[in-house]
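Visitor: I have a model on screen and would like to learn how to read it. Can we take it feature by feature?

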Amino acid sequence: MEKVRCLIIGGGPAGYTAAIYASRAALSPVLYEGMEPGGQLTTTTVVENYPGFPGGVDANALMADMREQAVRLGADIRRGAVTSVDLSERPFKLTVDGCTELEAESLIIATGATARYLGLPSEQKFRGLGVSACATCDGFFYRKKDVAVVGGGDTACEEATYLAGLCRKVYMIVRRDVLRASVAMQERVKNTPNIEILWNCNTREVLGDSSGVTGARLERKDGEVFDIAVDGFFLAIGHNPQSQLFAPWIKTDEAGYIVTDGRSSATNVEGVFAAGDVQDPTYRQAINAAASGCRAALDAEKFLKR
Ligand code: NDP
């Protein structure tokens, strides 16, 4: 059976950065990229807020460069998804793609989180063409335009107020007659004049043409169906951290985010570290994921050299 000193699961900014640091620390890291090499960032187009790129950078190119940098420094990056784990004792036992078994002395979980979508075919069709689950990433492209945000939680309120600073008008599509968000966030939304809340509304369809999103068809609880004209359609109905595989051993919060110890990346299992969105319900930006990948590699190095 193959024995790995430092195994990294996840091919997003956290995983690749962990691989860069672990390679330079001579930990001979092996990284499995999972089902979505490049991570969530590859669902967007241009990244304008990643430092070091004054003209912005293509999201896929940024991830490809991170990957290449890790490979050049010696990381062994492989296609494949870890399908089962046993973290009951060290070395940890893992299976890849249901067949390849290996043992790891240390493990960095960087499996990320996936944004929830409504599940409409039209929403899927216009993903990246006006449909987005990240206002901070994509809001800039809708300056002085009209957009909609689905959801009534803190994220939706935060994204709506962020977009209100850029866009002409922001509709919030809320399925009940109350917001789930904290009172402070609700106040902020209510005090922002160019946000209009559409209460008791569900989205039936995202409307569009060859240029992308042009609107949304909504249905109010009383049965009334009506259209709104928007260029951007933002989902803010929550994220699912990809932690289920580790749940029998690794402590998570009630939403499923892995709990790490203070400022470190250590989980409750010695030798297992977590980085990126799988342990971050709050900041969820590539730069934060990369930074936590760095922390996880440094923590793994300290653990292995002890
Ligand atoms: P939440 O689960 O808190 O809210 C999700 C929102 O989306 C709810 O309004 C929910 O409606 C709505 N929703 C869910 N599914 C659908 C659907 N299928 N159709 C329409 N609407 C739907 O998620 P958030 O991402 O907002 O927040 C996650 C956690 O992170 C929370 O604990 C939050 O407080 C925290 N957070 C804190 C921030 C801060 O403090 N600055 C910023 C962002 C998040 P309903 O209410 O009807 O269920």
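Guide: Start with one residue. This is a predicted model. Asp-277 has a relative accessible area of 11%, so Asp-277 is buried.

Visitor: Where is Asp-277 found?

Guide: Asp-277 sits in a loop, between strand E19 (272–274) and helix H7 (286–305).

Visitor: Which residues does Asp-277 touch, not counting residues up to four places away in sequence?

Guide: Gln-40, Gly-112, Ala-113, Tyr-257, Arg-284, Gln-285 and Ala-289. With Gln-40, there is a side-chain to side-chain polar contact of 3.1 Å. Compare sequence and space as well. Thr-111 and Asp-277 are 166 residues apart in sequence, yet their C-alpha atoms are 7.6 Å apart.

Visitor: Now Glu-103. Is Glu-103 buried or exposed?

Guide: The cut-off for buried is under 20% relative accessible area. Glu-103 has 12% relative accessibility, so Glu-103 counts as buried. Glu-103 belongs to strand E8 (residues 100–109).

Visitor: With which side chain does the side chain of Glu-103 make a polar contact?

Guide: That of Lys-3, at 3.0 Å. Beyond four places in sequence, the contacts of Glu-103 are Met-1, Glu-2, Lys-3, Val-4, Pro-91, Phe-92 and Lys-93.

Visitor: Next, helices. How do I check the length of H7?

Guide: Work from the rise per residue. H7 has 20 residues and, at 1.5 Å a residue, should span 28 Å. Its end C-alpha atoms are 29 Å apart, which agrees.

Visitor: Which residues of H7 are buried?

Guide: Among them are Ala-286, Ala-289, Ala-290, Ser-292, Gly-293 and Cys-294. The list also includes Asp-299, Phe-303 and Leu-304. The cover over the buried residues of H7 includes strand E1 (2–9), helix H1 (13–24), E8 and E19.

Visitor: How many aromatic pairs does the structure hold?

Guide: Three. Take Tyr-50 and Phe-53: the ring centres are 6.3 Å apart and the planes stand at 50°, so this pair is tilted. Tyr-50 is buried at 14% relative accessible area. Phe-53, at 30% relative accessibility, counts as partly exposed.

Visitor: And Phe-273 with Phe-303: at what angle are the planes?

Guide: At 65°, with ring centres 6.1 Å apart, so the pair is edge-to-face. Phe-273 lies in strand E19 and Phe-303 in helix H7, so the pair ties together parts 30 residues apart in sequence. Both Phe-273 and Phe-303 are buried.

Visitor: On to sheets. What holds strands of a sheet together?

Guide: Strands pair through backbone hydrogen bonds, in a parallel or antiparallel way. Here, one open sheet has five strands in the order E10-E17-E11-E12-E13, and the pairing is parallel.

Visitor: Which strands stand at the edges of that sheet?

Guide: Strand E10 (131–132) and strand E13 (195–198). Each has a single partner strand, so one side of each lacks a neighbour in the sheet. Helix H5 (residues 154–164) packs on this sheet and touches E11, E12, E13 and strand E17 (232–235). The direction of H5 makes about 165° with that of E12.

Visitor: Which residues of H5 are buried?

Guide: Ala-156, Cys-157, Glu-159, Ala-160, Thr-161, Leu-163 and Ala-164. They pack against helix H4 (135–138), helix H6 (183–190), E11, E12, E13 and E17.

Visitor: How many bridges join E11 to E12?

Guide: Five; strand E11 (residues 146–150) and strand E12 (residues 169–173) run parallel. For one bridge, look at Asp-146, whose partner in E12 is Lys-169.

Visitor: What about the sheet of E14, E15 and E16: is the pairing parallel or antiparallel?

Guide: Antiparallel, in an open sheet ordered E14-E15-E16. Strand E14 (201–209) and strand E16 (225–229) are the edges, each paired on one side only. From one strand to the next, the twist averages 25°.

Visitor: Which strands form hairpins there?

Guide: E14 and E15 form one, with two residues between them. Eight bridges pair these strands, and Asp-209 stands opposite Gly-212 in E15. E15 and E16 form a hairpin with four residues between the strands, where Gly-223 takes a positive phi near 100°. Five bridges join strand E15 (residues 212–220) to E16. In E16, Ile-228 is the bridge partner of Ala-216, and Val-225 is that of Glu-219.

Key. Residues are numbered from 1 along each chain as its sequence is written. This is a predicted model: local features need pLDDT of at least 70, side-chain atom pairs count only at pLDDT 80 or more; totals for chains, interfaces and linings use all residues. Side-chain values use heavy atoms; hydrogens and water are left out. Buried means under 20% relative accessible area, exposed over 50%, partly exposed in between (1.4 Å probe, protein chains only). A polar contact is a pair of N or O atoms within 3.5 Å; within protein, one must be able to donate a hydrogen and the other to accept it, and residues adjacent in sequence count only if both atoms are side-chain atoms. Contact means heavy atoms within 4.5 Å. Two strands pair if DSSP finds at least two bridges between them. Axes are lines fitted to C-alpha atoms, for helices over the stretch in contact, and angles run from 0 to 180 degrees between N-to-C directions. The expected span of a helix is 1.5 Å times one less than its number of residues. Rings of Phe, Tyr and Trp (its six-membered ring) pair if their centres lie within 6.5 Å; planes under 30 degrees apart count as stacked, over 60 as edge-to-face and the rest as tilted.
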